[in-house]
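Let's walk through this one together, starting at the surface and then stepping back to the whole chain.

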Amino acid sequence: MGFSHDDLLLAQGYFFNFIIQNIFIEGQIENWVSIIDLGNTGLFSVIGPFKKSISFLSDIFRCRMHLTSVVNCPGSISMLWGMAKGFI
């Protein structure tokens with residue numbers, strides 16, 4: 001039985017809310033670092049879900065994300081990022 005991307009977003013939202021309510025210290029500035037593992041994925045299978053995840057996190061948990069790191073990135077995405085980085 002597989003999980004849909006929407007199910008994973010709901011689980012992620014529940015987990016982040018739990019952290020905010022039970023672990024963060026009230027009155028302190030607290031942010032988190034997110035690590036995304038793209039192992040065994042292709043360029044086109046990543047774009048839609050990745051875009052949806054980023055918009056979900058930025059809409060619901062505004063100003064909480066400090067850094068997002070992507071590991072095991074497919075070669076096609078690394079190549080595109082290398083070209084885009086040159087323009088930035």
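Start with the nonpolar patch on the surface: Val33, Ile35, Leu67 and Val71 form it, with about 360 Å² of accessible area together. Accessible areas here come from the Shrake-Rupley method with a 1.4 Å probe, and for residues only the protein chains shown count as cover. To join a patch, a residue needs over 30% relative accessible area and no salt bridge (a side-chain nitrogen of Lys or Arg within 4 Å of a carboxyl oxygen of Asp or Glu); nonpolar side chains (Val, Leu, Ile, Met, Phe, Trp, Tyr) are joined within 5 Å, like charges within 9 Å.

A quick note on ground rules: this is a predicted model, where local features need pLDDT of at least 70 and side-chain atom pairs count only at pLDDT 80 or more, while totals for chains, interfaces and linings use all residues. Residues are numbered from 1 along each chain as its sequence is written, and side-chain values use heavy atoms, leaving out hydrogens and water.

Strand 1 (32-37) and strand 2 (65-71) each supply at least two residues of that patch. Strands (E, at least two residues) and helices (H or I, at least four) are DSSP runs, numbered from the N terminus. Ile35 sits in strand 1 and is exposed, at 63% relative accessible area (exposed is over 50%, buried under 20%, partly exposed in between, with a 1.4 Å probe and protein chains only).

Now look at Ser53 in helix 2 (residues 43-60). Ser53 is buried, with a relative accessible area of 17%.

Stepping back, the protein chain has 3 helices and 2 strands, running α-β-α-β-α from the N terminus on.
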